[in-house]
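Let's work through a few short exercises together. Keep the model open beside you as you go.

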Amino acid sequence: MTSPVYPRVYAFICGHHTIPKERMIAGTTGLITIPIPAFVIEHPTGLFVFDTGFNRLVYEDVASYFPAEALKPVEFHFSPEEELPTQMRNAGFDPDSVRLVANSHLHYDHCGGNVLFPQATVMVQRDEWEAASNAPADKAGYRKVDFHTGQTMDLVEGERDVFGDGSVVLTPTIGHTPGHQSLHVRHAGGVAVLAGDACYMADTLTADDKLPDISVTEDPESYLRSLESLRALHRSGSLVFVGHDPDFWSKQPLAPKPLLG
Ligand SMILES: [Zn+2]
């Protein structure tokens, strides 16, 4: 019997975003500056990227990229040095060798960097692709320039064992968007979950008074069901890496240190 593969996972913070805090935790006021994580999974067969951060239009030409009325009080903090391929090179990886990219979903803070991996096939849930492609142009979460890139798409339906060895599995966690997915990664201690926006904040995993404003999710009922599945994994001892929690991410090892493995 061959021994199981334990991929190594690296986390990169690709800029920050200032937004109303109530979006992350309902009932709060003021603004919060959240990190924008992206991940490189090092599998024996190659590098796999999960989420790619902002589009470089954020610093090149934000006026053409993002509707001005949606911008306030939102602020982007993003520079060329924070782009994922640049950070990968600095950490000793060759971004040009990446053949597979997956997005948790197609909001601009998760797929804006896809275009920087032109040689890669992009894996998203079919439901997400359809929702994003059919969204009106002024819908703030979806910017078509981020995902209508001409890249080869691999439209996933349900779970997908990315390498066929059970080590890295795309797992639907719908609700935040119609085709949101999280990534399960096997490690020596069990399963770790890169939750994406199925859970923004660490407190949300344990406290019912720390839920986000679910009225702005695409499907609140599904969102809560997906959150419950993440909470169950958390309770059973699985590591759950939440989407945008500044305190949580300030305590995690970032590349070139491995997050896992
Ligand atoms: Zn997000």
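**Exercise 1. Which residue in β7 stands opposite Gln 125?**

Step 1: Gln 125 faces Val 156 in β7. Step 2: β6 (residues 121–125) and β7 run in the parallel sense, joined over 4 bridges; strands pair if DSSP finds at least two bridges between them. Strands (E, at least two residues) and helices (H or I, at least four) are DSSP runs, numbered from the N terminus.

A note on the source: this is a predicted model, where local features need pLDDT of at least 70, side-chain atom pairs count only at pLDDT 80 or more, and totals for chains, interfaces and linings use all residues. Residues are numbered from 1 along each chain as its sequence is written, and side-chain values use heavy atoms, without hydrogens and water.

**Exercise 2. Place β6 and β7 in their sheet, and find the strands at the edges.**

Step 1: The open sheet has 7 strands in the order β4-β1-β2-β3-β5-β6-β7, with mixed pairing. Step 2: β4 (75–77) and β7 (153–156) each have a single partner strand, so one side of each lacks a neighbour in the sheet.

**Exercise 3. Which residues of α8 are buried (under 20% relative accessible area, 1.4 Å probe, protein chains only), and what do they pack against?**

Step 1: Helix α8 covers residues 220–235. Step 2: Its buried residues are Ser 222, Tyr 223, Ser 226, Leu 227, Leu 230 and Arg 231. Step 3: These buried residues pack against β11 (190–196) and β12 (239–242), with contact meaning heavy atoms within 4.5 Å. Step 4: After α8 comes Gly 237, with a positive phi near 100°.

How values were computed: Expected span 1.5 Å × (residues − 1). Buried < 20%, exposed > 50% of the residue type's maximum accessible area, 1.4 Å probe, protein only.
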